[in-house]
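Visitor: I have a new model to look at, and I'd like the reasons behind the labels. Could you take me through it?

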Amino acid sequence: MGFDTESPDRITQEGEEANVGVENQPKAAPNLTALDQPQTIKTRNWWIWIFVSSGLVVTGRVFSTLLLNFYFVQTGRDVCDDPKQFKGTWLQSMVQNAAFPFTAFFAFLWRSLSSNHRETITSSASSFGKLFLLYISLGVLFAAYSQLYAIGRTHCIFFFWIFTTQLIFTSMFTAIINKHKFNRWIILSVILSGVATGITSSEDAYNPCEGEGYKMSYGAWCGFFGTVAFSLSLCIMQLGFEKVIPKTESKVSSVMLMQTYASMIATLICLVGLFVSGEFRDIKEDFETFKKGKPLYVLTLTGLSLAWQVMSIGLVGLVCLVSTLFSNVVSFCATPLANILVVVAFRFMDDDIEWFKGGALLAGILGFASYAYSLYKTVKKRASQSETLRV
């Protein structure tokens, strides 16, 4: 079973609401209840997959934030004057993408269990060139924003305020590239999720505290271009699902394969960067000096890689199910929860969870609810128009 119902956002953009759910039905409809049932089941499954994908994003965001803070604390990178504070960016970016075998395994398992996997393979082969260009472009963008974010995070104390501009770029790019239509509920959702992230993103063990201007400026520009690259990658994903991925391809399979191939290409690029930059020499030092011991160093990087991959699968799934913007909104709405848990886990003896952190969590929940309500209204309107057309 896959998520076969089309995104309401895309249907609205294309002006096809009146045709949804009726294209495969006969002209005469003596039993409307029987005809409505398959579409109702598809819509229900579509909502289930949205909440599953959102859960993956939240889970991945929380665990990746906690483990990355743990990694910085245990390697001493939370100390301002430690020379290691600015090192290891290529390793961080590579680890962010390196769990693609995990995704590949589930993609292979799903395709093996799918009853129409032979058909999807044939369809994919006919558009191999377009798929190759899609995965290459996404892999390059994955590697770019992973590295740029790693540099911005470790070099600029304003990184997380720069990171918040990701929503602005996503909104701009999706309006231009994906022809996304906005309403008041979506705009409210964007504002609330941006506020939720902006006011709780400063409580991190890897928040740099040095005052060297050139490093600060360098990190700020890297963070800025990282947000551009990430936003662009989401928009290209949506274009890929709409224009390149075969319609006969299982949605679950296409999400898994897109994430697998793009992450594999990004990992290879980051691996080359790791050796060319000479940062591979620092891995042994981190391994030897990890405060909690060598086994936990390996487990931390492994868990971090898996957490990032889980979050990425959820993001790609939401792009496929709904839209680029909704995927980014869910990611931002999950940030307050992750940062509150960081305070509890690493600063519970020193810091309190101020009232505005609770307010940020509420803003994140309301931001998600606002966008979900917009989707609900669109689905309800679509169903009403379909029933009117049948009558």
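Guide: Here is a walk through some labels and the values behind them. This is a predicted model, where local features need pLDDT of at least 70, side-chain atom pairs count only at pLDDT 80 or more, and totals for chains, interfaces and linings use all residues. Residues are numbered from 1 along each chain as its sequence is written, and side-chain values use heavy atoms, with hydrogens and water left out.

Visitor: Fine. Why is Ser374 called buried?

Guide: Buried means under 20% relative accessible area, exposed means over 50%, and partly exposed is in between (1.4 Å probe, protein chains only). Ser374 has 2% relative accessibility, so it counts as buried. You'll find Ser374 in helix α15, residues 355–390; helices here are DSSP runs of H or I with at least four residues, numbered from the N terminus.

Visitor: What does Ser374 touch?

Guide: Not counting residues up to four places away in sequence, Ser374 touches Asn183, Trp185 and Ile186. Contact means heavy atoms within 4.5 Å.

Visitor: What makes Lys294 and Glu288 a salt bridge?

Guide: The rule asks for a side-chain nitrogen of Lys or Arg within 4 Å of a carboxyl oxygen of Asp or Glu. In this pair the closest N and O atoms are 3.3 Å apart, so the pair fits the rule. By that rule the count comes to one salt bridge. Lys294 has a relative accessible area of 36%, so it is partly exposed, and Glu288 is partly exposed as well, at 44%.

Visitor: Which residues have the most contacts inside the largest nonpolar core?

Guide: They are Ile50, Met258 and Phe326, in a core of 73 residues. Helix α13 (residues 294–321) gives the largest share of this core, twelve residues. A nonpolar core is a set of buried Ala, Val, Leu, Ile, Met, Phe, Trp, Tyr and Cys residues joined through side-chain atoms within 4.5 Å. Leaving aside neighbours within four places in sequence, Phe326 is in contact with Ile50, Leu318, Phe368, Tyr371 and Leu375.

Visitor: How do you know that Ser93 is buried, and what is its side chain doing?

Guide: Ser93 has a relative accessible area of 0%, so buried is the right word. A polar atom of the Ser93 side chain lies 2.9 Å from the backbone oxygen of Trp90. Ser93 sits in helix α3, residues 89–97. Outside its neighbours within four places in sequence, Ser93 is in contact with Ser146, Gln147 and Cys270.

Visitor: And Phe142: buried or exposed?

Guide: Buried, because its relative accessibility is 2%. Phe142 is found in helix α6, residues 128–155. Phe142 and Ile265 are 123 residues apart in sequence, yet 8.5 Å apart in space, C-alpha to C-alpha. Setting aside residues up to four places away in sequence, Phe142 touches several residues, including Asn97, Met237 and Ala266.

Visitor: Why is Lys179 called exposed?

Guide: At 52% relative accessibility, Lys179 counts as exposed because the label starts over 50%. Lys179 is in the loop between α8 (166–177) and α9 (184–198).

Visitor: What is the phi of Lys179?

Guide: Phi of Lys179 is near 55°, a positive value in a residue other than glycine. Most residues other than glycine have a negative phi, so a positive value is worth a look.

Definitions and conventions
Helix = DSSP H or I, 4+ residues; strand = E, 2+ residues; numbered from the N terminus. Polar contact = N/O pair within 3.5 Å; in protein donor to acceptor, adjacent residues only side chain to side chain.
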